[in-house]
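Q: Got a minute to go through this one with me? I'd like to get a feel for the fold before I set anything up.

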Amino acid sequence: MEVPRVEHSISSPTSPCEDMIKNLSLEAIQLCDREGNKSQDSGIAEMEELPVPQHIKISNITCDSFKICWDMDARVKERITHYFIDLNKKENKNSNKFKHKDVPTKLVAKAVPLPMTVRGHWFLSPRTEYTVAVQTASKQSDGDYAVSEWSEIIEFCTADYSAVHLTQLLEKAEAIAGRMLRFSSFYRNQHKEYFDHVREAQGNKMLPYMKDNSGSHGSPISGKLHGVLFSCNTEFNTGKPPQDSPYGRHRFEVLAEELFHPKTNLYFGDFYCMYTAYHFVILVIAPEGSEGDDFCKQRLPALDLTDNRFLTCTEGEDGRLAFHHAQDVILEIIFTEPVDLAQGQLAEISGHQLMGTSTINAKKDPSCKTCNISVGR
């Protein structure tokens, strides 16, 4: 059940988001900061007999909503007209930096049957830890409130983007992907020391590693999916990989059919930008039946290898495979299995290392209308 809108006659300080609030299922007002277990607002009176919410339970958590319920004395339920919910982001060094800090998180809702749904992408962000406490309240004839003491504080964490949200991102990425260009190889740039380590300590194999936190904050692959990152974009005028790279001057290049063929599956992973005009699309290539394939099947939209807007593999009349990539987005390809250096060639590129264009742990621009959807960033 959605939380009904609170009456506009409630007396509260003016919120900077008043216009935004009118169309939301749950209305928010700024209350005074609470100290200890008491409310200090002059328009709120204490009434000890109102029940304090007990045994708070959080369920049905998504990236921008959750359900909340609690136990309380049934004998006085009919006196309760409203619930006050104090929702705050749990501060830590890895907290989501893009939560809208000017939006109040003291929420007021009419008393409805529990559990109650709290929903709002402008104050809830994906994959973020929050604390929540609750008061019960009774609206008085003079417009003030009698309230209970605050409940215990409960912690919870919002979820990743769902398949529905990822499909919305996919559709936005498709809209700007542009025409398809032919290519023949995937490549991976790194420093010389990286490839020395691969040869000496990893049996000549580039091993999958956990994806970093670059891209959308709600992406279900960040910090969870293991793979080896490749590129495939080519220069328009040469049809070959660019000679510059932000990741290092040593390049491993492998024929596209070694990694991408009819026995692999392709998934859409993310769409983002870094305060720039160009956009990145993350795709995942996973051999059929592999651990990475099982992971992606449960979380990511699958793409048709022969017919999609980003990366295709088609078979010609002669039986040879042909490969194409989107021109207007930068593709980041995650291959979920180890890759042996013997499968390709290693060489030093002639261009520069463009440090400023690295996407390692890069944060998505939350204000970009091209690559954001209407949920937490």
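A: Sure. One term up front: two strands count as paired if DSSP finds at least two bridges between them. Also keep in mind that this is a predicted model.

Q: Ok, noted. So which residue stands opposite Leu 311 in E20?

A: His 325 is the one opposite Leu 311. The strands there are E19 and E20 (residues 321-326), which pair in the antiparallel sense over 5 bridges.

Q: What sheet does E20 belong to, and in what order do the strands come?

A: It's an open sheet of 3 strands, ordered E10-E20-E19, and the pairing is antiparallel. E10 (180-183) and E19 (311-315) are the edge strands; each has a single partner strand, so one side of each is left without a neighbour in the sheet.

Q: And how much are neighbouring strands turned against each other?

A: By 35° on average in this sheet, ignoring direction.

Q: Let's switch to E14. Which strands does E14 pair with?

A: Strand E14 (residues 226-230) is joined to strand E13 (residues 209-210) by 2 bridges, and the two run antiparallel. E14 also pairs with strand E21 (residues 330-335), again in the antiparallel sense, over 3 bridges.

Q: Which residues face each other there?

A: On the E13 side, Tyr 209 is opposite Gly 227 of E14. Towards E21, Phe 230 has Ile 333 as its bridge partner.

Q: Now helices. Which residues of H3 are buried?

A: In H3 (residues 192-201), the buried ones are Tyr 194, Phe 195, Asp 196 and Val 198.

Q: Huh, an Asp in that list. What do the buried residues of H3 pack against?

A: Strands: E11 (185-190), E12 (205-206), E15 (250-255) and E23 (345-348).

Q: What about the backbone just after H3?

A: Gly 203 sits there with a positive phi of about 65°.

Q: Zooming out, how many helices and strands does the chain have?

A: There are 5 helices and 23 strands.

Q: And how much of the chain is buried?

A: Of the 377 residues, 50% are buried.

Q: What about the exposed area?

A: The chain exposes about 18,000 Å², and 49% of that comes from carbon and sulfur atoms.

Q: Last one: what share of the contacts join residues at least 24 apart?

A: That's 75%, counting contacts between residues at least 6 apart in sequence.

Definitions and conventions:
Residues numbered from 1 in each chain as written. Predicted model: local features only at pLDDT ≥ 70, side-chain atom pairs only at ≥ 80, totals over all residues. Heavy atoms only, no water. Helix = DSSP H or I, 4+ residues; strand = E, 2+ residues; numbered from the N terminus. Axes fitted to C-alpha atoms, helices over the stretch in contact; angles between N-to-C directions. Buried < 20%, exposed > 50% of the residue type's maximum accessible area, 1.4 Å probe, protein only. Contact = heavy atoms within 4.5 Å. Areas by Shrake-Rupley, 256 points an atom, 1.4 Å probe, with all protein chains shown as cover.
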